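Biologist: I would be grateful for a close look at the enclosed space of this model, and then at the parts of the fold that may be described alongside. Please state the criteria as you proceed.

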Amino acid sequence: MTAFWEFIDRYSSISEESKKAWSALLKTSEIAKGNHFLEQGTIPKDITFIFKGLLSYYYLSEKGEKIIKKFFPENSLVASTSALLKQEPGFFCIEALEDTEVISYSFSDFRKLTTQYNDIANFYISYLERHWVIEKEFAEITLKSATAKQRYLEFEKNYPELILRLKLHQIASYLSITPTQLSRIRAEL
């Protein structure tokens, strides 16, 4: 649990009283490599912190190909956020790329805590601003304006630890290029 609270503290300081209330919601579990944490079309209920392992967040194209939108390594929160907020079936799948250990909590119960504890609400606002406004906007602009080589170099710079943990086709899917294109880019470097 220490890693979870250290992660939370990066966004907002949480009082002991708030930690105690939030801790009552936390449950640990494991997801075996290849299994899904969330299936497409499912209404999500939980937010999950990755303690150990790696998840991918993807959807299927019209041709049935996996299009990876994001990777979630250790010390990440993962959820199908818009489906969670709207309580509607999600368009994305979340799959374990490695054996993964997680800490989960009910989103609806967490939302209640945000109305009772200002420090938990401050965490929630800070987290959403950083990941769903600032980072998301930058990622969308980069995806549309950068070349495939620039996208790969940016990925390599931002996620050097993932390069060795991911297969070539997974990185290519994330970068919206083919594995052949990625092989050429890597050969040029």
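Modeller: A cavity is a set of points, on a 1 Å grid over the protein atoms alone, where a 1.4 Å probe fits but cannot get out; lining residues have an atom within 4 Å of a point. Grid points are joined across faces, edges and corners, and the volume is the space filled by probe spheres set on them. The model is predicted, so local features need pLDDT of at least 70 and side-chain atom pairs pLDDT 80 or more, whereas totals for chains, interfaces and linings use all residues. Residues are numbered from 1 along each chain as its sequence is written, and side-chain values use heavy atoms, without hydrogens and water.

The whole structure holds two cavities of 30 Å³ or more, and the largest has a volume of about 170 Å³. Its lining comprises 16 residues, with Ile47, Thr81, Tyr127, Leu128 and Trp132 nearest the centre. At least two lining residues come from each of strand E6 (77-78), helix H3 (81-86), helix H4 (107-116) and helix H5 (118-145); these are DSSP runs numbered from the N terminus, helices (H or I) of at least four residues and strands (E) of at least two. H5 gives the largest share of this lining, five residues.

Tyr127, one of the residues nearest the cavity centre, also belongs to an aromatic cluster that includes Phe4, Trp5, Tyr124 and Phe123. Rings of Phe, Tyr and Trp (its six-membered ring) pair if their centres lie within 6.5 Å, and planes under 30 degrees apart count as stacked, over 60 as edge-to-face and the rest as tilted. The count comes to 25 aromatic pairs. Phe4 and Trp5 form an edge-to-face pair, because their ring centres are 4.8 Å apart and their planes stand at 75 degrees. Phe4 is buried, at 0% relative accessibility, and Trp5 is buried as well, at 10% (buried means under 20% relative accessible area with a 1.4 Å probe, protein chains only).

Elsewhere, four strands form an open antiparallel sheet in the order E2-E7-E4-E5, where pairing requires at least two DSSP bridges. Strands E2 (36-38) and E5 (66-72) each have a single partner, so one side of each is left without a neighbour in the sheet. Two bridges join E2 to E7 (residues 93-96), and Leu38 stands opposite Ile94 in E7.

Notes
Buried means under 20% relative accessible area, exposed over 50%, partly exposed in between (1.4 Å probe, protein chains only). On a 1 Å grid over the protein atoms alone, a cavity is a set of points where a 1.4 Å probe fits but cannot get out, and a pocket is an open set with protein on both sides within 12 Å along at least five of seven lines; lining residues have an atom within 4 Å of a point.
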